[in-house]
Amino acid sequence: MASIRIDIERIISSVDPRIYSGFIEHMGRCIYGGIYEPDNQYGLSDPKTGFRNDVLAVLKDLKIPIVRYPGGNFVSSYRWQDGIGPKELRPRRPELAWLSEESNFFGTDEFIDFCRELGTEPFICLNMGTGTLQDALAWLEYCNSSANTYYANLRRKNGHDEPHNVKYWALGNEVWGPWQIGQQESQDYAKKAYQWAKALKLLDPSVKLVSCGETGYADWDRVILRKLASVVDFHSIHIYTVSEGKHAVNVIGPAAAEKALDITRSLIDLAKIEAGLEKDLTVCFDEWNKGAEEHYDLSDAIAVASWLNVFVRKADIVKIACIAQSVNVISPIITSSQGLFKQTTYYPLHLFTNLMRGASLAVHVNSPVYNGPTVPTWIKQLDTHTPNAFKLTKYIDVSAVYVEESKEVRIAVVNRHQSEDFTVPIIFAQPVGEKTVKVYEVWSPQLGDKNGFEGEKVSTVQKEVDWEGSYVLKRHSFQGRIMELV
Ligand code: AHR
């Protein structure tokens with residue numbers, strides 16, 4: 001019999017709001033035609049900045065703490081110097097990651113202006129493909145220096161007297177991948193990134209550096225952490241889950257991320273023990289999402305809710321996570337020149353970022369488990385190392401937070417089952433009086449239901465119900481519930 005047990009004394013860690021961060025890359029229509037469209041014919045863009053006002057408004061509702069930029073694969077042949085100064089002088093270049101052309105009309109200063117407008121912190125990924133340490137130092141100087149030196153003065157000349165104060169810098173993107181320009185072996189990358197980190201921190205000791213990780217459980221991660229633990233603040237992980245056309249695979253996929261985080265936590269511990277370090281070193285999950293298809297359905301929204309449950313449950317180790325990506329590319333928001341629509345996946349993301357902040361609680365869940373015969377091929381490698389990790393995945397997937405100020409428990413519950421509804425008792429360790437519960441539900445009758453410019457089949461329905469001691473969880477649904485405790 002299914003049940004959920006909650007005890008507000010069992011705190012894992014506080015949920016870091018930075019797990020609700022975003023990512024914009026020079027890829028497809030993410031930037032041009034997504035967040036930036038100066039020549040929009042329908043009056044949707046700000047005449048001065050060229051930013052799409054409608055996109056900014058929706059992104060503001062997502063309360064995004066950090067935005068990562070400019071890639072992704074794009075960054076590995078990006079010359080940041082091309083993207084500053086008068087636009088008519090910016091060179092148009094061949095773009096090798098996505099085989100397109102880059103106008104450079106949107107560059108560092110536009111990115112910073114966009115972040116300020118959005119009320120978010122910028123996070124820059126450095127080019128460790130074709131770029132040199134000299135380029136990286138110049139970029140950092142341009143952004144953060146208040147000295148009387150060349151690149152700081154160039155920023156002033158370009159109209160920005162005050163430093164941009166970019167706190168987060170990543171040491172390359174997916175340098176391990178064969179698709180990456182300038183792919184490297186782990187030892188080579190580790191040696192190089194160590195020297196880069198030293199120099200960057202000499203120029204600006206306040207920056208937070210992110211080492212380039214792989215899945216968190218790869219040999220690459222072990223080698224990189226061992227060498228870089230002393231000089232970085234975060235280790236990055238990238239995982240995209242795919243459905244292989246099956247709902248069960250789609251929604252249990254995020255269990256791979258949970259396993260990966262457990263393994264990364266241990267690798268970080270090991271690296272710290274070996275080097276005798278006592279510093280903070282946590283995970284920046286700077287690319288995650290339900291990948292492959294771009295037009296999401298309800299099943300994908302359920303997958304995204306499960307992803308976010310993982311981050312809340314692992315609040316002690318994941319301190320930053322960036323959905324890849326924020327607009328148009330594998331994204332919760334799709335634009336055209338005449339407007340935008342919110343994909344199904346927008347709704348769980350919106351609920352989590354607005355509600356699931358506070359102290360993450362260790363919830364005990366009894367639930368029927370997934371016992372499908374096949375393990376998704378893309379997580380075979382992980383499954384080999386951790387037999388049954390996925391076959392035992394619970395259909396009822398839960399995270400919970402306690403908000404001290406309002407004395408509220410907020411519970412995020414996903415029923416991943418394709419066809420069964422469950423009535424689930426919630427047993428609290430603390431007394432619960434007569435209560436009204438605020439319920440936010442993302443559901444629709446068909447798993448294949450999608451949203452589009454013509455209308456939304458999947459969105460959040462809000463209601464208030466009397467607390468009766470249990471939840472009725474519809475098949476393939478996501479529910480956020482807020483209860484006030486005495
Ligand atoms: O987000 C799309 C791409 O996926 C990114 O550019 C890359 O880092 C990853 O492989």
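Begin the tour by selecting Val 442 and Thr 460, because in this predicted model Thr 460, which belongs to strand β23, is the bridge partner of Val 442. Now extend the selection to the whole of strand β20, residues 436-442, and to β23, and you will see two strands that run antiparallel and are joined by seven bridges.

**The sheet around this pair**

Next, add the other strands, and an open sheet of seven strands comes into view, with the order β2-β15-β17-β18-β25-β20-β23 and with antiparallel pairing. Colour β2 (11-14) and β23 (460-466), which stand at the edges of the sheet; each has a single partner strand, so one side of each is left without a neighbour in the sheet. If you turn the view to follow the sheet across its strands, the twist from one strand to the next averages 25 degrees.

**Two helices across the sheet**

Keep the sheet on screen and select residues 298-313, which form helix α9 and lie across β2, β15 (359-361), β17 (396-403), β18 (408-415), β20 and β25 (477-484). With β17 as the reference, helix α9 runs at about 50 degrees to that strand. Then select residues 346-355, the helix α10, which lies across β17, β18, β20, β23 and β25 and runs at about 145 degrees to β20.

**The cavities**

Rolling a probe the size of a water molecule over the atoms shows where empty space is left. How many cavities of 30 Å³ or more does the structure hold? There are two, and the largest has about 60 Å³ of space.

To find the largest cavity, select the residues that line it: Tyr 20, Ser 21, Gly 22, Leu 59, Leu 62, Ile 64, Ile 323, Ser 326, Pro 332, Leu 349 and Thr 353. If you colour this lining by class, it shows seven nonpolar residues, four polar residues and no charged ones.

For the last stop, move to the second largest cavity, where about 50 Å³ of space lies, and select Arg 222, Leu 225, Arg 226, Leu 267, Leu 270, Ala 271 and Glu 274, which line it. The elements that give two or more residues to this lining are α6 (219-228) and α8 (254-275), and the largest share, four residues, comes from α8. Which classes make up the lining of the second largest cavity? Coloured in the way used before, its residues divide into four nonpolar, no polar and three charged.

Note on methods. Residues are numbered from 1 along each chain as its sequence is written. This is a predicted model: local features need pLDDT of at least 70, side-chain atom pairs count only at pLDDT 80 or more; totals for chains, interfaces and linings use all residues. Side-chain values use heavy atoms; hydrogens and water are left out. Two strands pair if DSSP finds at least two bridges between them. Axes are lines fitted to C-alpha atoms, for helices over the stretch in contact, and angles run from 0 to 180 degrees between N-to-C directions. Contact means heavy atoms within 4.5 Å. On a 1 Å grid over the protein atoms alone, a cavity is a set of points where a 1.4 Å probe fits but cannot get out, and a pocket is an open set with protein on both sides within 12 Å along at least five of seven lines; lining residues have an atom within 4 Å of a point. Grid points are joined across faces, edges and corners, and a volume is the space filled by probe spheres set on the points. Ala, Val, Leu, Ile, Met, Phe, Trp, Tyr, Cys and Pro count as nonpolar, Asp, Glu, Lys and Arg as charged, and the others, Gly among them, as polar.
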